[in-house]
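Open the model in a viewer and start with the whole chain. The tour goes from overall burial and shape down to one helix.

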Amino acid sequence: MAEKKRKVGILTGGGDCPGLNPAIRGAVIQASALGFECLGLQEGWKGMITGEAVPLTPGGVAGIINQGGTILGTSRTNPYKKENGVAAVLETFKRLGLDALIAMGGEDTLGVAAKLYRDHKCPVVGVPKTMDNDLSATDFTFGFDSAVTLAMEAAERLVDTGRSHRRIMVLEVMGRHAGWVSLYTAISAGADYVCLPERKVDLEDMVARLRAAYARKKVALVVTSEAVDLGDSGQEELDEFGHMILRKRGVAEKLSEIIEKQTGIETRNAVIGHMQRGGAPTLFDRMLGTRVGVKAAQFAAAGVFGQMVALRGDEVVPVSLEKATGALKIVPAEWLALADLLCTGAAVQAASAAGAR
Ligand code: F6P
């Protein structure tokens, strides 16, 4: 009699990002090669509550490495916030006969996986993904490189039009409460000022720098994170995981009003929002997604559960899910110093002093 195949479920939760499809593809190809049958749960943890799943085969995922988004759909569903949500997830494990579940997500999705492992010993393996790059246990998450590449191009386009019209341009990027997207965008596009969520925006400093930059170039660029503190936080709307819904804060609009008023220079702003989450994954994200997807399937086959696959240097290694979801990776002091050198004070001052000589 033929032996019953082991089954692995795969889900993608939280905000989508480029790299998810390469990761799904990598996991399916490797799991199938190791003799697993693969099932794709629909729309994140929601699929584990409803039990909605589709078969995944190497043939079925053959052409998705260059596709943005996730073929499995996603949601910000938190089973711990739904009545009988966790019981339904446990029931789905049984009913579908899952020997393992690969959960691809950020802090929230992996936080649920960590709790299911801790409380119920569910056979879960985590794959980190987020354009925010804010997971502390891994050097990089896929999605970040694609998002920042797009944001860098957007910034350069803004400078082109800003230069023609002699304007100051403000670009708002995503990234939540970690400033990695804003910092990488600002440095790579040669911005004149960067506003990060890790510290309160010093409006006086910003205006002074922009005036100096504008005096030299007749254009200036500010890159701001969506989550910066402008000293005006009020009652914020929260999602199911308790996160502020940041797109409603209108940071770029507010900043450009302040800048225009205080400098007297015409200022425009742009919010690229979800454009950072779409499109074909970059080379880096295709490779990283593929590698972590493959490794997650290997862990599932070897029974290495309660772990997340993490990039450390050039290695993909296991890190406990509990540890991986314990603290966010925000921009640390040495990176803030780099931001100050390149996108706030020192560089602009030095350049204007040189110009005056
Ligand atoms: O976590 C990824 C992210 O893109 C954040 O940078 C952003 O604040 C949030 O998701 C937006 O979420 P939504 O797609 O639910 O509007």
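Color by accessibility: of the 357 residues of the protein, 53% count as buried (under 20% relative accessible area; exposed is over 50%, partly exposed in between; 1.4 Å probe, protein chains only). This is a predicted model, in which local features need pLDDT of at least 70, side-chain atom pairs count only at pLDDT 80 or more, and totals for chains, interfaces and linings use all residues. Residues are numbered from 1 along each chain as its sequence is written, and side-chain values use heavy atoms, with hydrogens and water left out.

Next, show the C-alpha trace, which spans about 85 × 40 × 30 Å along its principal axes. The radius of gyration of the protein is 22 Å, in agreement with the value near 21 Å for a compact globule of 357 residues (taken over C-alpha atoms; rule, 2.2 Å times the number of residues to the power 0.38).

Switch to cartoon: there are 12 helices and 11 strands, taken as DSSP runs (H or I, at least four residues, for helices; E, at least two, for strands) and numbered from the N terminus.

Now select residues 283-302, helix α9. Its 20 residues reach 29 Å from first C-alpha to last, close to the expected 28 Å (1.5 Å times one less than the number of residues). Which residues of α9 are buried? They are D285, L288, G289, T290, V292, G293, A296, A297, F299 and A300.

Finally, select G303, just after α9, where phi is positive at about 75 degrees.
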